[in-house]
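Trainee: Please take me slowly through one part of this model, the charged side chains that pair up. Then show me how that part fits in with what surrounds it.

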Amino acid sequence: MIYPTRSAVIATAAGAPVALAVAAIMPGRWFLALAWPLAMVLLFALDALQAVGKAKTQIDFPGHAYVGETRDCTVTVSVGRKPRNAYVALEPPPLVRIDDDGRAKVPLDGGLGAILLPLEMLRRGVARFERIWVRWSGPLGLAWSQKVVALDSKFPILPDLRPVHDRGPLIFQRHAMEGLLSQLSRGEGTDFDALTEYRPGMDRRSIDWKQSGRHSKLLAKQYRIERNNQIVFAIDCGRQMCDPVAGLPRVDRAVSAMLLTSWIALKLGDRVAIHAFDSRQRVSSGLVSGGGAFGELERIASEIDYSGDETNYTFALTTLSAKLTRRSMIILFTEFTDPVSADFLLRALRRVVQTHLVLVVVLRDEELESIVEREPETADDVTRAITAATLLKERRVVTGGLRHLGVHVIESEYDRVGDRLVEGYLDLKRRNLL
């Protein structure tokens, strides 16, 4: 495809006043006024002939990417006419954002050049790239030669596993060095572990008087926290959880925190399951155990899709509770922005907490908090601050109602939710609430 450049249009338009002046001064030689546009047409045709050539494009996409991260792809351009620069425009899919809509300048050396395009992963799924536009100008800069190159490239965008890879071993090591993990194995649990010699400071109720009489010294029973507990992650993937927080949907923040905590839970010998829902059940897995099962959890988590449906807490939690045959820890990721949905949540959890240990995880609404804390300057700012304060008050009422039911609540910043959840899980496990 050949079309004029901006320089060609401006140069042609600039000659119009001169042509009109010549026609006005010398009416008998009006045909001289056509010299400038004809010259521009000839120059454009000559430049277009020089610009015609073949172009090849190669794009090296990453094999995979995590949602929320930025990865670079290499765009290599080869043009037979050897211009100094080429321009590309890569059409991004809805799951990926590229600066300036994928447009970039590629400096060429001998007709060959390459650049790096940063790709920002917005959502999970399969990113498919279908076409890229390449254009270059002739030596006079008056004509563009443009090619559309069809692509058949794709790569998966997975749940964010960076916290597991980066912080998982560090968190596990930190708790181990502080003695917390050893306390989970040996401490005030329910499973008998061993007999040990009684030392001052130990609970006198742990003394085994029969064995102490046999050995003629005080012996105490040592217990350990029960392993093989059932941890069920219930993820709300409804409309409210698909709202973005700092550029990422809430459900993606929840999935990342869930994977980090499940990795720790599998390391500690617990069994883990995933249950995702909105208006109905979307994803449900069986209980898995062992470090090797984490790959299966990762695959199941990648199937959690975004939804525009309203969340049906009653159906989801009733269905989940019916599947559990023993007391379990249910970690529920959700979001409530109106009293009606919050009331349904409270009603649904009232029956569940009678059998299971429930931990609700919500993200702090930092946008509302910033509106309340910001000093108002206009009447509209005052209105917004009052509305935001009312919404935050309703939110505190709901969290207070959850705690009154016996539900444990974690309200965290979006960038610390994984660490806060791991700490909450270990604290509940250490207190032997299961």
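**Charged pairs and the sheets**

Mentor: Let's start with Asp-101, which counts as exposed because its relative accessibility is 53%. Here, buried means under 20% relative accessible area, exposed means over 50%, and partly exposed is in between (1.4 Å probe, protein chains only). Before we go on: this is a predicted model, so local features need pLDDT of at least 70 and side-chain atom pairs count only at pLDDT 80 or more, while totals for chains, interfaces and linings use all residues. Residues are numbered from 1 along each chain as its sequence is written, and side-chain values use heavy atoms, with hydrogens and water left out.

Now, what does Asp-101 pair with? Its side chain meets that of Arg-103 in a salt bridge, 3.7 Å from N to O. That term means a side-chain nitrogen of Lys or Arg within 4 Å of a carboxyl oxygen of Asp or Glu. The general idea is simple: side chains of opposite charge can pair when their charged atoms come close. The structure holds 22 salt bridges. Another one joins Arg-131 and Glu-130, whose closest N and O atoms are 3.8 Å apart. Arg-131 has a relative accessible area of 29%, so it is partly exposed, and Glu-130, at 47%, is partly exposed too.

The pair I'd really linger on is Glu-335 with Arg-395, at 2.8 Å from N to O. This pair links distant parts of the chain: Glu-335 is in the loop between β18 and α10 (339-352), Arg-395 is in helix α12 (residues 379-405), and they are 60 residues apart. Helices (H or I, at least four residues) and strands (E, at least two) are DSSP runs, numbered from the N terminus. Both Glu-335 and Arg-395 are buried. They also have company: salt bridges that share partners join Arg-250, Glu-335, Arg-395 and Glu-411 into one network.

So where does β18 itself sit? It belongs to an open, mixed sheet of six strands, in the order β17-β16-β13-β18-β19-β20. At the edges are β17 (281-284) and β20 (408-412), each pairing on one side only. Two strands pair if DSSP finds at least two bridges between them. On average, neighbouring strands of this sheet are turned by 20° against each other, direction ignored. Angles run from 0 to 180 degrees between N-to-C directions, with axes fitted to C-alpha atoms, for helices over the stretch in contact. Strand β18 (residues 329-333) runs parallel to β13 (residues 230-236), joined by five bridges. Within that pairing, Ala-234 has Leu-332 of β18 as its bridge partner. Helix α13 (residues 417-430) lies across β13, β18, β19 (357-363) and β20, at about 160° to β20; contact means heavy atoms within 4.5 Å.

For a contrast, look at the open sheet β2-β4-β8-β6, whose four strands pair in the antiparallel sense. Since β2 (55-60) and β6 (96-98) each have a single partner strand, one side of each is left without a neighbour in the sheet. Here, neighbouring strands are turned by 30° on average, direction ignored. Nine bridges connect β4 (residues 70-79) and β8 (residues 112-121), and Ser-78 has Leu-112 of β8 as its bridge partner.
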